[in-house]
Amino acid sequence: MKKWYAVLGDPIAQSMSPAMHEAWFSENNIDASYIPIHVPAQGLGEAVTGLKRLGCSGWNVTVPHKSAIIPFLDHLEPSARQMNAVNTVHVLQDGSLVGSNTDGLGFVRSLEEAHGALYKGGDVLIIGAGGAARGIAYALHSSGYGPITFTNRTMDKAEELAQGLSGTSVLSVSVAEASLEKFSLIVQTTSVGMNFAQQGMPLAISNVAEGAVLADIIYNPLETEFLKEARNRGAKTMNGVGMFVHQGALSFETWTVKRPATKEMIGKITTTLGGISC
Ligand code: ATR
């Protein structure tokens, strides 16, 4: 029987996951489809019951459900437990629901697709201390990157994050700015730059080292002010399209045990966003 998958979120109309997964199913000759489902916060439990009854084989979870979905699942992979957030649900043969989180590893895979293991062993600075920062730090740390330092507008949050992840430390934004040249990998995880209403720089980058890579997890716009300034200073830059594609590829692998083509997908999505970005 044809399998089907979904993505749950609110809002969801803008999601590029359906087109991405449908293309991968087709390229891999898998008879399956993938649909977006608009699920408001109060409707999550009912949605999960419905998906199980209707034979859904797995789904992605996006804002605002990544943590709220946890009580409805039967097992959590370590990635989801560590991040206290789930972006992938796999329905096993016996009907049990397994939650995992591919966001952080998606970032690491996109970094390595672009640069190999060049930045392993170098100092990493993560700007931000929310869910995205936590997921990326955990995945970088588990993949052998670091030492990792967090910097954040609200220091308390960065300190709390560092306490939960061994081998990480914290710097204030001003001290991080002054010592920026020691970092070879700088990852911008805040929402600054996501839209015109929130322009600006989360951190001044005048002291960035030559050869450093600056990554922003935002992919719309394709080039935030942070990345534009980094590029103008001669640094290497990486936007969030790669992370988005690789987190999806890891979900796809979880469900189908097949590794989809990511480079081509990054190209397609970049072209699409280049035409519609704000
Ligand atoms: P996510 O799950 O996407 O990481 P989040 O948990 O809400 O989202 O975290 C948002 C991050 O963006 C936080 O680090 C936040 O900083 P604070 O902890 O100080 O709130 C950061 N952020 C959001 N808006 C910001 C702004 N205008 N300037 C600097 N940092 C900002």
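Which residue forms a salt bridge with E223? The partner is R231, and the closest N and O atoms are 2.6 Å apart. This is a predicted model. It holds seven salt bridges, and an automatic or database assignment divides the protein into domain 1 (3-101) and domain 2 (104-240). No salt bridge is found across the interface of the two domains.

**The E253–R109 bridge and its network**

- E253 pairs with R109 in a salt bridge, with 3.0 Å between the closest N and O atoms.
- E253 belongs to helix α9 (residues 241-256) and R109 to helix α4 (residues 103-115), so this bridge ties together parts that are 144 residues apart in sequence.
- R109 has 22% relative accessibility and counts as partly exposed, because the buried class requires a value under 20%.

**Salt bridges of E223 and E229**

- In the E223–R231 bridge, E223 is partly exposed at 33% relative accessibility.
- Its partner R231 is also partly exposed, at 42% relative accessibility.
- E229 forms a salt bridge with R233, where the closest N and O atoms lie 3.2 Å apart.
- E229 is partly exposed, with a relative accessible area of 27%.
- R233 has a relative accessible area of 42% and is partly exposed.
- Elsewhere, shared partners join R109, E253 and R259 into one network of salt bridges.

**How the two domains meet**

- The centres of domain 1 and domain 2, taken over C-alpha atoms, are separated by 28 Å.
- Six residues from domain 1 and seven residues from domain 2 take part in the contact.
- About 540 Å² is buried between domain 1 and domain 2.
- Carbon and sulfur atoms give 60% of that buried area.
- On the domain 1 side, M16, Q82 and M83 lose the most area to domain 2.
- Together, M16, Q82 and M83 account for 81% of what the domain 1 side buries.

**Polar character of the interface**

- Between domain 1 and domain 2, one residue pair is in polar contact, with both residues at pLDDT 80 or more.
- The count of salt bridges across this interface is zero.
- The side of domain 1 that touches domain 2 has three nonpolar residues, three polar residues and no charged residues.
- A salt bridge needs Lys or Arg on one side and Asp or Glu on the other, and these four residue types are the ones classed as charged. The touching side of domain 1 has no charged residues, so the zero count fits that make-up.

Note on methods
Residues are numbered from 1 along each chain as its sequence is written. This is a predicted model: local features need pLDDT of at least 70, side-chain atom pairs count only at pLDDT 80 or more; totals for chains, interfaces and linings use all residues. Side-chain values use heavy atoms; hydrogens and water are left out. A salt bridge is a side-chain nitrogen of Lys or Arg within 4 Å of a carboxyl oxygen of Asp or Glu. Helices (H or I, at least four residues) and strands (E, at least two) are DSSP runs, numbered from the N terminus. Buried means under 20% relative accessible area, exposed over 50%, partly exposed in between (1.4 Å probe, protein chains only). Contact means heavy atoms within 4.5 Å. Buried area is the accessible area (1.4 Å probe) that two parts lose on being put together, summed over both. A polar contact is a pair of N or O atoms within 3.5 Å; within protein, one must be able to donate a hydrogen and the other to accept it, and residues adjacent in sequence count only if both atoms are side-chain atoms.
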